[in-house]
Amino acid sequence: MTSDVLIVGASVGGLTVAEALRRGGHTGRLRLVEPDPHPPYDRPPLSKQVLTGLWPPDRVRLRTPEQLEALDAEWVWGRAERLDAAARTVELDGGRALAYDTLVIATGLVPRRLPGPEPAGGHTLRSLDEALALRHALPDADHVAVVGAGVLGCEIAAAARALGREVTLVDPGPVPMARHLGPELGGRVAALHRRHGVRLRLGTAVTGLVGERGRVGGVALADGAVVRADLAVVTIGSVPATAWLENSGLALADGIVCDARCRAAPGVYAVGDVARWPDPVTGVGIRVESRTNATEQALVVAANILGDERAHTPVPYFWSDQYDTKIQVHGRVGGGDRVRYLEGTAADDRFVALTESDEGRTTAAIGWNHPRGVRTARARLTAAPSPP
Ligand SMILES: Cc1cc2nc3c(=O)[nH]c(=O)nc-3n(C[C@H](O)[C@H](O)[C@H](O)COP(=O)(O)OP(=O)(O)OC[C@H]3O[C@@H](n4cnc5c(N)ncnc54)[C@H](O)[C@@H]3O)c2cc1C
């Protein structure tokens, strides 16, 4: 295949598409557009080993210089600012226009921010530079407020405690990681953090950062209280990086709307955190923000560019490391699901559990310090019923 493939976003999703295309016999031109000045790197260690200082920054590189060289791709350092899908051109900052036969969009997410001013000492975490800035600032902080107790917020709280900081974790939900684990297992995450000395302020939202002489002095809560802090990390979710695709001709709805084969328009595919495609069983559009999905979806996209007609039908998977605990989830926990323990009990620090919906469907397999057990339990997931 000799067509001209342009990939916008050269992180794990975009890079994996490029590699799979070459492996699959793509001999044509391959260009990757990326504004981040660092060689492609992995994000999961940023909130874990990089933040605690366990890994030097170089260790997050996804590939060696030799591997990148062997890809025989052109690297275009810049930011895509406009797409004209009808004319098949992407315009970059600076005005340069790139024509393509096939476009792959792998632009990931942009962190949500709190309304109001952002004084010094306020952080978000998505990129390597942001991780290094936070790592640099943490040792000087007396009190850290982590705003948002999702997966990322919990990992940052754990890293800050590992560095000996006082930490308050604030979230409007009843338990941390409620969306990912449901109330019972989220309660175990709360207990884990309390055991390690994190203060939890649950059931109340943060309305903004409080500035004092131009620096963070705390975070303001919806109930009128202020949590004192000299460093705040805002992890209140992210939005798909699609601003540059407005009026491009692509359908956008919290992500790039694709068909089951990850095709957004003729000659245009989307991959990774930015892509929304129909759940193979329910038909409902889903977006999955996980490292494994980005890789698996990239292989599907590359195969389809090479002429296959493959649907993306993953079992979602993510993991999280907090203190000495590894949490792994295959499938998706529904809000009202029951928890059934297969190995270990609710009181143990090591267990495997399944979650089950009201209709008796097994929705997720969860491992808590139990990688082997959760791999086996994964086989017990059952498909969702077809919509009427
Ligand atoms: C701190 C952190 C920890 C994480 N930990 C875990 C974990 O433990 N387990 C797990 O499963 N997942 C984890 N994730 C999620 C995982 O990293 C993502 O799912 C994965 O990176 C998605 O890959 P992607 O290629 O779709 O997007 P990204 O990795 O976000 O890459 C998108 C790329 O597109 C570039 N880009 C954006 N806009 C433009 C533009 N206009 N023009 C050109 N390029 C552009 C960006 O610079 C970026 O390099 C974590 C994420 C973060 C941030």
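From residue 4 to residue 295, the end C-alpha atoms sit 22 Å apart, and this span is 23% helix and 30% strand. That range comes from a UniProt record, an unreviewed entry, which lists residues 4–295 as "domain: FAD/NAD(P)-binding". Keep in mind that you're looking at a predicted model. Here's a tour of its cores, one of its helices, its salt bridges and its cysteines.

**Nonpolar cores**

- Start with the largest nonpolar core, which has 42 residues. Leu-46, Leu-134, Val-144, Leu-169 and Val-329 are the ones with the most contacts inside this core.
- Helix H5, residues 151–162, gives this core its largest share, with six residues.
- There's another core apart from this one, made of 27 residues, including Val-8, Ala-80, Leu-250 and Ala-264.
- Want to zoom in on Val-144? Setting aside neighbours within four places in sequence, Val-144 is in contact with Leu-138, Arg-165, Glu-166, Val-167, Thr-168, Ala-229, Leu-231 and Val-233.

**Helix H5**

- H5 has 12 residues and spans 17 Å from its first C-alpha to its last, which is close to the expected 16 Å.
- Most of H5 is covered, with nine of its 12 residues buried.
- Among those buried residues are Val-151, Gly-153, Ile-156 and a run of alanines, Ala-157, Ala-158, Ala-159 and Ala-160.
- Cys-154 in H5 is buried too, with 0% relative accessibility.
- After H5 comes Gly-164, which has a positive phi near 85 degrees.

**Salt bridges**

- Side chains of opposite charge can pair when their charged atoms come close. How many salt bridges does the model have? The count comes to 23 salt bridges.
- Arg-29 and Asp-4 pair up through their side chains, at 3.8 Å from N to O. Arg-29 is in the loop between helix H1 (12–23) and strand E2 (30–34), while Asp-4 is in the segment before strand E1 (5–8), so this pair ties together parts 25 residues apart in sequence.
- Is Arg-29 buried or exposed? Arg-29 counts as partly exposed, at 37% relative accessibility, whereas Asp-4 is buried at 15%.
- Asp-42 and Arg-291 form another salt bridge, at 2.5 Å from N to O. Since Asp-42 lies in the loop between E2 and helix H2 (49–52) and Arg-291 lies in helix H7 (residues 291–305), the pair ties together parts 249 residues apart in sequence.
- In that pair, Asp-42 is buried at 17% relative accessibility, and Arg-291 is partly exposed at 25%.
- H5 shows up again here, with Glu-155 joined to Lys-48 by a salt bridge of 3.0 Å, N to O. Glu-155 sits in helix H5 and Lys-48 in the loop between E2 and H2, so to speak two distant parts of the chain, 107 residues apart.
- Both partners are buried: Glu-155 has 3% relative accessibility, and Lys-48 has a relative accessible area of 11%.
- Salt bridges with shared partners also join Asp-4, Arg-29, Arg-31 and Glu-74 into one network.

**Cysteines**

- How many disulfides are there in the whole structure? A search finds zero.
- Why doesn't Cys-258 bond with Cys-262? Cys-262 holds the closest cysteine sulfur to that of Cys-258, but the two are 6.0 Å apart, which is too far for a bond; a disulfide needs the sulfurs within 2.5 Å.
- Cys-258 is also buried, with a relative accessible area of 8%.

Methods: Residues numbered from 1 in each chain as written. Predicted model: local features only at pLDDT ≥ 70, side-chain atom pairs only at ≥ 80, totals over all residues. Heavy atoms only, no water. Buried < 20%, exposed > 50% of the residue type's maximum accessible area, 1.4 Å probe, protein only. Core = buried A, V, L, I, M, F, W, Y, C linked by side-chain atoms within 4.5 Å. Helix = DSSP H or I, 4+ residues; strand = E, 2+ residues; numbered from the N terminus. Contact = heavy atoms within 4.5 Å. UniProt positions renumbered as here; feature names shortened; annotations may be inferred. Expected span 1.5 Å × (residues − 1). Salt bridge = Lys/Arg side-chain N within 4 Å of Asp/Glu carboxyl O.
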